[in-house]
Amino acid sequence: MFRGLPNDLHELIKNVSVDAATAVALPEDDTEALAKIAAIELRLKAEKKMQVTDSDLRYLIAHLASTNPEVRDKGVFFLLSDLFQADAFTEKQVTWLFTTLQRKDILFAHITEPQNDAVFLRSFAVMLLSGLVYADLNRYHLLTPRQFENLLVNLCAYIVLERDGRGYVAGKGWAHAYTHIGNLADELSQVPSLMRGDKLLLMAAVLEGWQRSEDSLVFGEDQRVSAYLVNIATKNQFYADALVMCLTAWQTRLRNLKPQENLGFWTRWYNRSRLLEALLMRADLPKVVVDYLQKNH
């Protein structure tokens, strides 16, 4: 019943239209933001038990959109990651974060437009959601099966729409959408309430999205996504067989494809080679997948 899923997703992705570019609103207070983030961190470390305020949390999420890596990555992201580790969020804040990071103006900000600076907000929202899923499964235990299912569907939609596969962007730091996709997909594969069909949908979406990228995925994305694919494939023979199904659909599509003299074609071609080679490098890759790749790669 799942056989047509890879091709259905392929057609869906192929038919997503690109909208006209619109202005991306970005924080423009880098110096002030760095000082405030440092002050928040200093105050929290001085407390016996870390507890971030609601206003500080809103401020941090707003500055996730910054194109300054010192603010976004080393500032907001590092601090929020520390707060996850320190159990510094209230139950209400966990729920707020989970909902806010999936808002249309955050997770899907300017996503159907040509490559733009909103990718940093979108991509880091995905990364924070992976940390939130991990924290909830291991400590908070607040999120419901329906919430996890909605997140998986939103991640699939994000993959279908996201065209910006840039890794490191000069002057702006890491965008790294596919590394962050791999992180969140891996965490969702650990959620016991998600059905096998849900996890198969996500696996197929990750592979189909990878095929579409016209950015060279050369900043470690192949290692992260292959790790996710191996981790889920080793959980159950069903997922190993499903991975072979998705790879077979990909290979079948290539049989009638003629080489094209353009950058996009060859970027996609070598993105594929890197991912398959990364899979074969894994000693724990299930035998059914190894046999398929050795025969067809």
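Q: Is Trp174 buried, exposed or partly exposed?
A: Buried means under 20% relative accessible area, exposed means over 50%, and partly exposed lies in between, with a 1.4 Å probe and protein chains only. Trp174 has 31% relative accessibility, so Trp174 counts as partly exposed. This is a predicted model, in which local features need pLDDT of at least 70, side-chain atom pairs count only at pLDDT 80 or more, and totals for chains, interfaces and linings use all residues. Residues are numbered from 1 along each chain as its sequence is written, and side-chain values use heavy atoms, with hydrogens and water left out.

Q: Which residues make a nonpolar surface patch with Trp174?
A: Such a patch joins nonpolar side chains (Val, Leu, Ile, Met, Phe, Trp, Tyr) within 5 Å, from residues with over 30% relative accessible area and no salt bridge. Here Trp174 is joined by Tyr168, Val218 and Phe219, and the patch covers about 360 Å²; accessible areas come from the Shrake-Rupley method with a 1.4 Å probe.

Q: Which residues touch the most other members of the largest nonpolar core?
A: A nonpolar core is a set of buried Ala, Val, Leu, Ile, Met, Phe, Trp, Tyr and Cys residues joined through side-chain atoms within 4.5 Å. The largest one has 92 residues, and Phe89, Leu155, Tyr158, Leu188, Leu202 and Met203 touch the most other members. Leaving aside residues up to four places away in sequence, Leu188 touches several residues, including Val133, Phe148 and Leu202; contact means heavy atoms within 4.5 Å.

Q: What span should helix H10 have?
A: Helices are DSSP runs (H or I, at least four residues), numbered from the N terminus. The expected span is 1.5 Å times one less than the number of residues. For the 17 residues of H10 (residues 196-212) this gives 24 Å, which agrees with the 25 Å between its end C-alpha atoms. Of these 17 residues, 14 are buried.

Q: How many salt bridges does a search of the whole structure find?
A: Side chains of opposite charge can pair when their charged atoms come close. The criterion is a side-chain nitrogen of Lys or Arg within 4 Å of a carboxyl oxygen of Asp or Glu. The search finds 15. In one of them, Arg224 and Asp186 meet at 3.0 Å, N to O. Arg224 lies in helix H11 (residues 221-233) and Asp186 in helix H9 (residues 177-188), so the pair ties together parts that are 38 residues apart in sequence. Arg224 is buried at 18% relative accessible area, and Asp186 is buried at 8%.

Definitions and conventions:
Helix = DSSP H or I, 4+ residues; strand = E, 2+ residues; numbered from the N terminus. Patch = residues over 30% accessible without salt bridge, like charges linked within 9 Å, V, L, I, M, F, W, Y side chains within 5 Å.
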